[in-house]
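Me: I am new to this structure and would like to understand how its labels are justified. Could you take me through the reasoning step by step?

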Amino acid sequence: MAGGAHEELAQYGQLGDLGLELLGRVGHQVARSQGFPPPEGHAAWTDEAVDELLFEMISRKGENFLLTCFLKTVDDASLEKMFFTPIRNFLIDEAKRTERGKLRRRFAARLGADSRFRAVAGTSPRWALTSHPPGAVWQGDLDELVKAAWEVRGVWITELFQSGP
């Protein structure tokens, strides 16, 4: 596409209006479609929240981020695809830094080390009791699952330290 974001980046060595628009559009797409929580101080993924996210990401990654994106792409479509992964990875890193993210990693480590549980393939860490048939993933009402979980006997995680494993 003549006169697009990729051409702006080639000509000026930085994002122009079209590049910022493209980056913002990809930022919205990643943030909203991947289920990440908005940045602290924001209740939802507003334009301001996405702008804050992208500013923080580019600030941390530095100028090499844009140069790398430019060198690995040939047009706006490939630049758009190239923006997707770093934004997603940045959001993953940000989520890992939250208390909830730390707790999820600790649970995954504990469940992974316990022979009574097995990981279930999927986009996010999911677990099942080894005594249940493979592929048995709950698809019903959450309240029913919580009730059933309270009725499970003989399965305990006795220690969950404040720090460490």
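Me: Why is Asp114 called buried?
Reply: In this predicted model, Asp114 has a relative accessible area of 16%, and because buried means under 20%, Asp114 falls on the buried side of that cut-off.

Me: What makes the meeting of Arg116 and Asp114 a salt bridge?
Reply: The N to O distance between the side chains of Arg116 and Asp114 is 2.5 Å, and since a salt bridge asks for a side-chain nitrogen of Lys or Arg within 4 Å of a carboxyl oxygen of Asp or Glu, the pair qualifies. Elsewhere, salt bridges with shared partners join Glu56, Arg60, Glu94 and Arg97 into one network.

Me: Why is Arg116 described as partly exposed?
Reply: Its relative accessibility is 29%, and because partly exposed covers the range between under 20% and over 50%, Arg116 is placed in that class.

Me: How do you know that Lys102 and Glu99 form a salt bridge, and what separates them along the helix?
Reply: The closest N and O atoms of Lys102 and Glu99 are 3.6 Å apart, which lies within the 4 Å limit, so the pair counts as a salt bridge. Because Lys102 and Glu99 are three residues apart in helix α6 (residues 99-112), about one helical turn separates them.

Me: Why is Glu99 called exposed, whereas Lys102 is called partly exposed?
Reply: Glu99 has 61% relative accessibility, and as exposed means over 50%, Glu99 counts as exposed. Lys102, at 36% relative accessibility, counts as partly exposed.

Notes:
Residues numbered from 1 in each chain as written. Predicted model: local features only at pLDDT ≥ 70, side-chain atom pairs only at ≥ 80, totals over all residues. Heavy atoms only, no water. Helix = DSSP H or I, 4+ residues; strand = E, 2+ residues; numbered from the N terminus. Buried < 20%, exposed > 50% of the residue type's maximum accessible area, 1.4 Å probe, protein only.
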